[in-house]
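Student: I am new to this structure and would like a close look at one part of it, the cysteines. Could you walk me through how they pair up and where they sit?

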Amino acid sequence: MSSGDLSGGMKCVKYLLFFFNLIFWLAGACLLGVGIWVLVDTGNINMMKIAELKTLSLYAGGYVLIGAGVITMIVGFLGCCGAIKENRCLLGSFFFCLLLLLCAEIGIGVYYAVKKDQFYDLVDKAMDSLAKTDYDSKDGAAKTLINYVQNNLECCGMNSTTNWNPQPSSCSCSTSVSHCVNGRWNRPCNAQVRAFLMRSSTIIAGVGIGIGVVMLIGMILSCCLIRGKGEFGSSQMV
C-alpha cells in the first residue's frame, strides 16, 4: 500500500464527499439557470413593472442568483477534485469556502429577520399603487397579473373589494366558502398576498436551513478526510 492510500473508512468518506460535491455542483448549475431565466424572461420584467417596483430590483435578484450559482459550482468543483485527488490544499479551500457561504447564509437570514417588515410595507405600497387606477384602464399584462392573483388567492381588489368598477370576472366565485358572498369574493387581495409571501418565506427558510445542514456535513466530511490523510501520511513516515 502506498503512502497516499487511505484506510477503508476514509475511502468511504472520500466517495461520500465526492458525491456530496457532485450534488452541490448540480445545485449551483440550477441556481445559475434560474438566475439567467429571471434576467431574460419578459414576464418577470412585466410583473415588476405592474407592481411599480424598479426593474433594477429584478436584475439585482437575477445577478445574485447567478453569482450564487457560479460560486456554488466552483466550491463543488473544488470539493470533487479535492476528494478524488485526496489533496489537502483543495480540501482546505473547500472547507474555507463552505464556511464563508454558511456565514453569508446566516447573515442573509439575520438581514431578512430585521428587514422583513419593511419588505411587506413595500409590497403593501405596491398594492395600493395598483388600486389607484381602475381595472379597465390597465394594460393587458397588468390585467393578466391581477386576474391571476384574484383567481388563485380568492380575493377581489387590491386593498378594497370596491377598487374595481365594474369588477372583472376574476372577482366572481361559485364555491361554498365564507369569503364568497353573492357570487363575489368579499375580501381584498393585500392581506392574502402578504399571507402568501409569509408562507413562501417559511418554505425558503426551511430550504435555507437544509442547505446549511448540508454545508455543515460537507465541512465535517472534508475535515475528516484532511485529518485522515494527514494521520495516514504521518503513520507511513514512522
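**The cysteines and their bonds**

Tutor: Let's start with one pair: Cys156 and Cys171 are joined by a disulfide, with 2.0 Å from S to S. The term disulfide is used here for a pair of cysteine sulfur atoms within 2.5 Å. In general, such a link is a covalent bond between the sulfur atoms of two cysteines.

Before going on, a word about the source: this is a predicted model, in which local features need pLDDT of at least 70 and side-chain atom pairs count only at pLDDT 80 or more, while totals for chains, interfaces and linings use all residues. Residues are numbered from 1 along each chain as its sequence is written, and side-chain values use heavy atoms, with hydrogens and water left out.

Back to our pair. The torsion about the S-S bond of Cys156 and Cys171 is about 80°, so this disulfide is right-handed. Both cysteines lie in the loop between H5 and S1, so the pair ties together parts that are 15 residues apart in sequence. Helices (H or I, at least four residues) and strands (E, at least two) are DSSP runs, numbered from the N terminus. Cys156 is buried, at a relative accessible area of 0%, and Cys171 is buried at 0% too. Here buried means under 20% relative accessible area, exposed means over 50%, and partly exposed is in between (1.4 Å probe, protein chains only).

Next comes the disulfide of Cys155 and Cys189, whose sulfur atoms are 2.0 Å apart. Cys155 lies in the loop between helix H5 (140-153) and strand S1 (180-181), and Cys189 in the loop between strand S2 (184-185) and helix H6 (190-237), so this pair ties together parts that are 34 residues apart in sequence. With a torsion of about 100° about the S-S bond, the disulfide of Cys155 and Cys189 is right-handed. Cys155 counts as buried at 0% relative accessibility, and Cys189 is buried with 0% as well.

Another disulfide joins Cys173 to Cys180, again with 2.0 Å from S to S. Its torsion is about 95°, so the bond is right-handed. Cys173 counts as buried at 13%, and Cys180 is buried at 14%.

That brings the count to three disulfides. If you number the bonded cysteines in sequence order, the pairing reads 1-6, 2-3, 4-5.

What about Cys223? Its sulfur is 7.0 Å from the closest cysteine sulfur, in Cys224, which is too far for a bond. Cys223 counts as partly exposed, at 36% relative accessibility. Cys97 counts as partly exposed at 23%.
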